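Please go through the model shown here as a set of questions and answers, giving the cut-off behind each term where it is used.

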Amino acid sequence: MDHSPAKFVLLLMAAATWSCFLVADAGKLQPSCIGRERDALLAFKQGVCDDPKDYLGSWRQERQDCCQWAGITCDNATGYVVKLDLGGRDYLVGQISPSLLSLEHLEYLNLNWTRLCGPDGRVPEFLGSLKNLKYLDLSGMSFSGMVPHQFGNLSKLEYLDLSRIHFNNTQMVLTDISWLTRLPLLAQLDMSLINLSSIADWPLVVNKIPSLKLLRLVECSLSSANQSLTH
């Protein structure tokens, strides 16, 4: 076997290069959290006044990589938070903090069946400023008032579930859904158990959503209408 110094040096260089590749690949698989987004999530947690199962226990300042926190998914390349999924956890009680606006790259937001609400008990208008959202699920939540027309600003939205929104066990009543026509990419819409009885032109509105493929309007007290659904 040849044990020449030249070959030994070449082996060391090859090993070092391979180690660099491994470290680089590991870095890609484990993105580092963006500082301002970590602060925004911690501010959101402060608005949660009750979490008896400690689901947000991993959301701590000393655990600096928020990409590893429960319910959080980050983009593998950039480290930006792209998904916040707290759905189905009805023991989470509190307010939805406007700090979410700092998650500028957020694409997926699921708060369904939690007991979180806006600062005044209404559906937070500021959610309409999350311009990169593609998926929004607020089903089963308790809100007073109306769905804000600012939701029409979510031009990238593909999935929207507002079903079973209620207040004191009473269906939410909507008198205006015209903002839906400003969602060109919306493919799936569920507003089941929302009272739409006062909206006579609902088929006209629905027909103006060009990408719509799935529509659920179960028990919405729909008024009769002359218009038919074209697609």
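Q: Is P52 buried or exposed?
A: This is a predicted model, in which local features need pLDDT of at least 70, side-chain atom pairs count only at pLDDT 80 or more, and totals for chains, interfaces and linings use all residues. Residues are numbered from 1 along each chain as its sequence is written, and side-chain values use heavy atoms, with hydrogens and water left out. Buried means under 20% relative accessible area, exposed over 50% and partly exposed in between, with a 1.4 Å probe and protein chains only. Because P52 has a relative accessible area of 58%, this residue counts as exposed.

Q: Where is the place of P52?
A: Helices (H or I, at least four residues) and strands (E, at least two) are DSSP runs, numbered from the N terminus. The C-alpha atoms of P52 and Y91 are separated by 6.7 Å, although the two residues are 39 residues apart along the chain. As for its own position, P52 is in the loop between β1 (48-50) and β2.

Q: Which parts of the chain does the salt bridge of R216 with D190 tie together?
A: A salt bridge is a side-chain nitrogen of Lys or Arg within 4 Å of a carboxyl oxygen of Asp or Glu, and in the pair of R216 and D190 the closest N and O atoms are 3.0 Å apart. The pair ties together parts that are 26 residues apart in sequence, because R216 lies in strand β12 (residues 214-216) and D190 in strand β11 (residues 188-190).

Q: Is D190 buried or exposed?
A: Its partner R216 has 40% relative accessibility and therefore counts as partly exposed. D190 has a relative accessibility of 11%, so this residue counts as buried.

Q: How many residues does α2 give to the largest nonpolar core?
A: A nonpolar core is a set of buried Ala, Val, Leu, Ile, Met, Phe, Trp, Tyr and Cys residues joined through side-chain atoms within 4.5 Å. The largest one has 62 residues, and those with the most contacts inside it are L138, F151, L180 and M191. Elements that each supply at least two residues include α2 (35-46), β3 (81-85) and α3 (202-207). The element that gives the most to this core is α2, with 4 residues.

Q: What is the geometry of the aromatic pair of F151 and W179?
A: Rings of Phe, Tyr and Trp (its six-membered ring) pair if their centres lie within 6.5 Å, with planes under 30 degrees apart counted as stacked, over 60 as edge-to-face and the rest as tilted. A search of the whole structure finds 5 aromatic pairs. The rings of F151 and W179 have their centres 6.1 Å apart and their planes at 85°, so the pair is edge-to-face.

Q: What is the relative accessible area of W179?
A: The pair of F151 and W179 links parts of the chain that are 28 residues apart. F151 is buried, with a relative accessible area of 0%. W179 is also buried, and its relative accessible area is 2%.

Q: Which ring does K83 lie over?
A: A charge sits over a ring if NZ of Lys or CZ of Arg is within 6 Å of the ring centre and within 35 degrees of the ring normal. R89 lies over the face of Y55, at 3.9 Å from the ring centre. K83, at 4.5 Å from the ring centre, lies over the face of Y108.
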